[in-house]
Amino acid sequence: MTGTGPAACLALAALLLLSAAPPRSGLEAQSTSTGALAGTVRAADGEPLDGVEVTLRDGTGGSERVVTASRDGSFRFPFLAPGGYELVLERIGFIPLVVQDVEIRPGMTARLEGSLRSASPPITEVDRVPFALLGSMSGETTGEGLTRAELEGLPQSGFPLVDILPTLSTAGSRFSMGGASGYGPSALVDGIPFRGASNPHLGPGHLHLLSFPTWFAQEVQHPRGVPDAEWRGGPLPSLHLTSVRGTSVFQVEARGGLVTGPFTSADPGMASADALQGPEVGVLLRGPIRRDTLHFAAGVELRRLLRARPAVAAGEAEALVRFRESIPDHPWAPGDLDLPTPTGEWDVISGFGRLDWRPAEGHDLALQGRIGLLRDGPWDTSDPVLPSARLEASDAAVALTSMSRLGESAAIEVRVGLENARREFALGGIGNEVIGRVLVTEPGLVVGGDPQALGTFEQTSFYFSPNFQLEAGDHSLRGGIQGVVELHSVATPTPGGTHLMPTIQNSSDLRGAYLRWEGARPEREFRAGWSAFYVRDRWTPAPNLAITAGMRMEFQSLPEDEVVGSAGWGLLTGLSHEMEQPEPRFSPRLHTEWRPSAGSPWLVRAGAGVELGRVDPGLLGEIVADTGFVRAVRGMGPLGEWATGSGPETAEYRGTRLSLIGPGFSPPRVRSLTVGLSRALVPGVELEARLEHRATDYLPRVRDLNRVPLRYGVDQLGREIFGEVLLDETHLTIRPGSDRRFQGFDVVSALESDGSSTWSGATAALQFTDGRGASLYASYTYSVAEDDTPLTPWGRPAFLHGRPSSSGDDPEWLQGRSDLDQPHHLLLRGRFRSDGRLGWSLGATYSLRSGPPFTPSARDALGFEAFESWSAPAPIRVPPELESEVSALLARSNCAGIDPDGRFERNACRMGALHDLDLRFALELGAGVRWRLLATVDALNLLDARHTIPDPALFIVDGTGTLLEEPPELLVLPLAVNPSFGEPLVGLRPGRMLRVGLSLRY
Amino acid sequence: MMIPESRSGLAATTALLLGMVLTGCDGPGSEQVFAIEGTGSIEGRAFLDLTRTGEFGEGDRVFPDLEVTIRMEGSRDIVATVVTDADGRLRVENLVPGTYRGLPDPTALGDSLEVTGMDPTLIAVRPGQEAAFSLGASFPILALPTIMAGSEGRRVYAEGIALNPPGSLDGDAVHLTDGMGSLRTLGVTGLGARVGDRVRILGHTQRIDGEMMLVAGQGRNLTAGQETVEAPSPTSVTAAQASFPGSAPELASALVRLPEVTVESARTSFGRTTLSVADPSGTVDVVFRTTLLFDARIETLEVGMVLAVTGLLVPTSGGERREVQPRIGSDLSVVSEAPPPDEPED
């Protein structure tokens, strides 16, 4: 079976969504010489679906029968010759469902229930999915959405996120953002990384998606930059009006709703980086303009999002109050410790349109477009501590898809499109010019503004992709060319600067180290792009064996001409600032499915392949923009004054900032191997076991090339200290400039692709369906993730210590448990629907996931390397005299793992497990001959699972203490144990959410 | 047969899968990272900065056998230690690129030498290149009271205002003052200066006649070519203050003025004239070249003359007494002639 036969291609609705619930087949009595097939088609919400075109082909492909499902969703094929059949369910606006191996026996009626997901409106990229996807979707029985195997079965890796989203079910695939190891923000779908659709400054966090209609994004709510925010879905209460005339289906769908969640300012961890959704209304129209040849769909949607900015941990409030009071004419009462969580609103307008035209039999054209606008609502801009991060955003896209079938066994598809996305981040509030962000450091509280760079980012991309498909015998061959040209524009103003106050005690005097910026980055434009050739063949040498093999060759083009080098740096170091074009790379894929015999309950799946990522344009933007236009000024002094130092030891240091891309820089590469075994135990019950291994290399890592390669000393924690340590009244810090290897330069950020990670996991899953609306899916995955690419909490590669040959490198320590390692993952999902005319249904999803790991550290001002306060990750050990004092803290945070040198291993501690529970209850309030009224209640995040950034500082360096220097190199720092170790600093998830709505189906 | 066919296909597939996993095992290597490759060197010179200009030049001497340590900026680790050769030159090779400091061995400098110049202070070592470095060390410049109160035998610089032109006093002596004290330097050569010029004299300290002086000095006029400042005003003293060090020790080597002293005796020998002058406090000797009388337009010296005398205090008699040494003719002036001898009573 090929999956994407001509019948599937015929489906005008290229917007084929989500899941097909596993078909259930059973046998009933029929005539003795022939059999029959009967079934019901339902929508994802369980409602019968009318107007569905049901195609039945016999196993040889010789005959084909088509019926249309009746108003109650039922269909029937009587008098069928015994044998194997294939069934295709299609309807405009729904993803087709292909069911293979439907066995008809004499005298029996096979029963089958299929479920088609109510799709988003037709949106451009989805076209690519059915063209490539149907084959690998067939035969899948686990989960309601695309499983990992299905996703891996995508013949071409590197789909933009927008390609993948529509293939996600609301409950099947798990979706997480921002956590792809070392690769900056990107998306994980069931653990499989997919790159964002655009510059990370433009997305692929929720910003990018917010401007999509809800239907398209399926209400994705994932905080931008959150390491692991799972996507939770479920449509809002909506009103559907559908008219069926013959085979023409007109639909008017109106949606509206209000989502609220508890939102208390008293909760110190209540610091959602994202939005709580507010009111939302939308209208969708779709139907035929000219029957069978011209269809349209259009929708518009308005939303207001209540958004909370990162608040502060309660323990840090005092410092902030002092800071507030340092601002002239501050509006706060002295000693006011009440720090309400600042909120704001985003207004989002989004819309789309689509026109499908069949000018001639066998030829289809689809023109699609979408637009989205986002503007900040009113913000309280009077708070300099938390200067408002203003955002304006827009998205626009237009695409044209042409599909021509050449006879019954060949098709050509050409896609061309243009997309534009623009984001403008800015800070408001008084004092911004002077102070910029205030950081109480390491790694700790980030107050004010957004961790992302400010500025305006715009991306315009043009893509062109001709593809072909050829069916010949037991081969189904596909291939094509993909080409994308991207034009990026980056304008990043230099903020006032950053003040670093290491501890509460230190900051009580409002003194600290500071970093401010001189000069302005010019607005830069650069071009990047990639092109690829691919070919894939699905070969079915026997009915019980299918082998899919593919090969892709990809070229990526980097903006080498736009990089302006620094002659001074080149003279000093001999390093070139030039960007090299990556070599063309090949990525083979192989996937197989095998049953020992035609009727065997066993099924073996195995796959291996190489996936190639791309160089993140956001990282490229830094390389292009940071070419010496900005100078960093480092010094020490009182907050808000950018004071000059009092003597030569504390004199300001000025240095040019550069960002370089490493030699032979290459995008990430993932090699994966998957082996799965499933067995149908009894009808409706299936067990699956799966082993997976993925090894990723060429992950980007960042280090400071200009950090002095020789250490100044080692503190009692075993950390290497670089640069001269200076005790400046209230804080210990590095003498400005003394940690610079080459004078005149500040941080020289080197982006190099020498990181790697591995992920190995074993999964056991059990699925049960009774065919009457009850289902249960349970899976448990144990995994181990290791890498050498630490991330910041914002998902960017963390600055590493240098890698000079002399010292400072600690690769053995870096190689260890990944920041993303969450070994246990249990997922239980169940649904029960009552029988009867006025019924009800209850669905629940429970997820248990290991808490995220973190590495114990010390909070100080001895590493102030980048825009952020985060120091390079370094191993520490507990001084013997403090062991008893910290033992309870370590136990509280499940800390374990000491290396042979007595130091904590990387990510030796772990936050508590995350329990997540979502419920949906639907109750039919009433029904008539032509109408049904349904009430739906969604209770999301009932357990209030909250992803947080823990305070990893086990020790705090108290700058008011005494610094002892013991020859030859031991620095005894004044340490204090941090009682807040392991406590949440910032929460990253919204609280519980409740959605209530009514649905009237007429 | 269907099954065998599928099994053979499966076997082939398995082999392909394994092959696929094994291929591409070449991960990223060192070629993916920046390497500031190569090494650089430092070529330098250490010199005795006798002119204290901070740069090697005429009048300076090379500094052999000086131990110099090379440290990377921001680190306390010593990267290299070298000893200057006979020409004062040093060379350090195989340094990883970066910023370094060159520091002389403090024990080699001791208390008597100090660094006068490091050019550059921070040495940027570049791959494949030779960074120039010079290190100047010299004797310290001490305040005159410090010299006076210090120990003998130190080699130091004295810096102050010249109180007399070179050659005006016996023994090529030049007296200096820095506002806090005065110093007598002896044997000063190479110094062309006028009274009031700021000069720096290198010499070793020696106690002569109980008073610390700077001997064998090499002088340098720091105000050469510039407008001469007004000469320091002398301190008015009495004869007793001038004569007895114990009564006014702070006046050692100072420029003093005896406003009205009476000549009690005068003697001339080998071109030098010694006057014993007195005021009500006592007597003090005034010693000068006899030719100074012509400059002062004093034709005769008579007992009983009242003179105004300006001069430099110089110890005598093993430090028990001091004498006043006028420098130029204007240091002597007649206040009143000697009274006529008493007429014999008739």
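Helices (H or I, at least four residues) and strands (E, at least two) are taken here as DSSP runs, numbered from the N terminus. The structure is a predicted model, in which local features need pLDDT of at least 70 and side-chain atom pairs count only at pLDDT 80 or more, while totals for chains, interfaces and linings use all residues. Residues are numbered from 1 along each chain as its sequence is written, chains are lettered from A in the order in which they are written, and side-chain values use heavy atoms, with hydrogens and water left out.

**Exercise 1.** Describe the make-up of chain B.

Solution. Chain B contains five helices and 22 strands. Of its 346 residues, 47% are buried, where buried means under 20% relative accessible area with a 1.4 Å probe, protein chains only. Among the contacts in chain B with a separation of 6 or more, 59% join residues 24 or more positions apart, a contact being heavy atoms within 4.5 Å.

**Exercise 2.** Identify the largest nonpolar core and the strands that supply it.

Solution. A nonpolar core is a set of buried Ala, Val, Leu, Ile, Met, Phe, Trp, Tyr and Cys residues joined through side-chain atoms within 4.5 Å. The largest one has 29 residues, and those with the most contacts inside it are Ile42(B), Phe63(B), Ile70(B), Val92(B) and Tyr100(B). Next, at least two residues of this core come from each of the chain B strands S1 (40-48), S3 (67-72), S4 (78-83), S5 (89-95), S8 (123-125) and S9 (130-138), with S9(B) giving the largest share, four residues. Finally, leaving aside residues up to four places away in sequence, Ile42(B) touches a set of residues including Ile70(B), Val92(B), Tyr100(B), Ile123(B) and Phe133(B). Apart from this core lies another, of 26 residues, among them Ala239(B) and Leu292(B).

**Exercise 3.** Characterise the interface between chain B and chain A.

Solution. Begin with the area: the two chains bury about 4,000 Å² between them, 63% of it on carbon and sulfur atoms, buried area being the accessible area (1.4 Å probe) that two parts lose on being put together, summed over both. In chain B, Gln32(B), Phe34(B) and Arg76(B) lose the most area to chain A, together 21% of what that side buries. Then count residues: the contact takes 41 from chain B and 61 from chain A. Lastly, there are two salt bridges between the chains, each a side-chain nitrogen of Lys or Arg within 4 Å of a carboxyl oxygen of Asp or Glu; the side chains of Glu965(A) and Arg76(B) meet in a salt bridge at 2.4 Å, N to O.

Key
Buried < 20%, exposed > 50% of the residue type's maximum accessible area, 1.4 Å probe, protein only.
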